[in-house]
Each structure stands twice: as structure tokens, then as C-alpha cells.
Amino acid sequence: IWNFFRMRNHVLHAIYLYQMGRANSDDMLSALLIFAATSVLMTVKSFWKSLTALLLLMLGVMGVVITFSRTLYIVVIVCIALIVFLGNRKESWQGMRRLITAGLAGVAALIPFYYSSRVLRLMLLSYGFRFLSTQHLGTDLSLVNRYVEWKYEWQDILRSPILGYGFGGQFRTFSIIRFAHSWMTFSHSSYLYIIFKTGFIGGALFFGAYVSFLIKGFRLLRSDRLTQRTRIILRASMGYLIGMLIYAYAAPVLDSKTDLIWVGLIWGYLLVLGKHVNPQAGIAASISSSTRQIL
């Protein structure tokens, strides 16, 4: 809400801050809010709970829209489809029906603002053209500039492939937009960023752990011992983890403390949930650990 007031008063200033990552907008937190609201709408039957979830969904959508991130738009759409797919047939049908209703209501509510605000029309038109330009993978300046950046970064990775350059490391790249060389402390590919900073060893350890938690989450979703609330949270959590992996392809998110805090909390939640769902495994692990200490 604060960001929308900010945009209303200083549109150009706000857009610059969002693009430079210096604004108050928390991209993936808005996405997580959408995933949680979607998961709730799939399950609850209470009118007031559904209405609250719809309001949260709209706030999350507003937060994502003002990030002006084409990649995040795609991430949210894909992860919403994934969350709906993770429910049973009844939950999936209810989720799709409510999401379609919410989408139509949102478009209807936007129409008066669209025709009453020239700035809003110009922004939507401008960004619509920019979004459509992503299909020109070989000519879109923003994308080509990232290809050049990744090429320079990959060349530096090959010079120190084992342990990387550490978290203070920088790499030199060339901007085809500004026609100048510069030193980069972050990367628009979080996969290359992790390998550049920690080497192939660190990258394998990190992404290996990430994939193992994804597998654990999908296995937990198959359990019949989950409560309704747990299933809602677990679906939203899995959507967030998958969304991070997709977003990381072309955005600097794995070097973001705010985004990784949520990843850490979700990993911890999966560990606790695993012990709750399968307590015998936790007991067996404790016995095995105690046996090894005695030996």
C-alpha cells in the first residue's frame, strides 16, 4: 500500500527505485503472499476466510505488478498453476474457479482507474510492449545485455572453478546499453552467481541441498497425516521454492538476504514437519546417532 502511494506521487522516481532494487518492494514476499492465498482458496469453505484470502491475493498481485519484473510475472503464473495441480481434484477445481472469479473482479475494478488515469494507461501500454519484446530473445537489449554479462562471468568462473572467488569477489563485464565496462558485485543469473562466489563445489552443495528439500516437500504432500492448515502452508512453501529456482535464472535473488530468509524458514519447517509426520524416522535417527557415539 505504501509503495502504491509512492508511485501515485512520484511515478518515475518509484520506477527507478524498483528497477535499481532500492525501493521498499519485496518481490518474492509479494509472490509468497499470492501462493499462500491461492492455497487457502483451494481449501477453505468459509465465506469470510475466502474473502480475506481474496483481499490478500489482490495485495500480493499489486505488490508483484509494481516490481516491473517480467520474469517474476511468469514465475507467479507458473507457480500458481503448480499449487493448483498439487491439490486433489476437488481442491484444484475450487481453486481454479475462485482464481478465475478473482481475476475477472480485478479486471472489472481496474477498468475505471484505467480510463480515469492517463498515466496508468501510458504505463500499461509501455510495459505491455516491453513484456512482448521478451519473445525476441536475440534482439531485446535487456536480454542481450544479460547474455554478454553471463559470458564474462562464465569466463571468470573457468579461471577459478573449484572454490570460486569468495563473497567479496567481482567480475568485469561490458554493458552494450551504456557502451562501457564495469565491475559487477551481483549477477542476473543466480546460478552463475553461486558458482562464481563458491566454485563448483559450493554450488553443488547448495543446489544439492535445495533439491533434497524439494523432494522432501513433495513426499510430505503425499502423506495422509497432514492437517488442513499444514497442507495449505506446505503447498505455498513448495510454490515459493520452485518460484525461487525459476526466478533465479535471470534475477539476482540467491544473493538476497530477505529472499533466502524465507527459504531457510521453509527448510526448517520441512524438517519439523517430517519428524511430525514420520516420528519413527526421527526416533530411528536418534538411536542410530546414539549408537555411533557409544561405538
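**Exercise 1.** Starting from Arg 235, which counts as buried at 0% relative accessibility, where buried means under 20% relative accessible area, exposed over 50% and partly exposed in between (1.4 Å probe, protein chains only), work out which parts of the chain its salt bridge with Glu 91 ties together.

*Solution.* The model is predicted, so local features need pLDDT of at least 70 and side-chain atom pairs count only at pLDDT 80 or more, while totals for chains, interfaces and linings use all residues. Residues are numbered from 1 along each chain as its sequence is written, and side-chain values use heavy atoms, with hydrogens and water left out.

A salt bridge requires a side-chain nitrogen of Lys or Arg within 4 Å of a carboxyl oxygen of Asp or Glu; Glu 91 and Arg 235 satisfy this, their closest N and O atoms being 3.1 Å apart. Glu 91 lies in helix α6 and Arg 235 in helix α10 (residues 228–247), so the pair joins parts 144 residues apart in sequence. Glu 91 is also buried, with a relative accessible area of 12%.

**Exercise 2.** Describe the salt bridge between Arg 159 and Asp 156, and state for each residue whether it is buried or exposed.

*Solution.* The N to O distance is 2.3 Å. Both residues belong to helix α8 (residues 141–159), where, being three residues apart, they are separated by about one helical turn. Arg 159 is exposed, with a relative accessible area of 59%, whereas Asp 156 is buried at 14%.

Technical notes: Helices (H or I, at least four residues) and strands (E, at least two) are DSSP runs, numbered from the N terminus.
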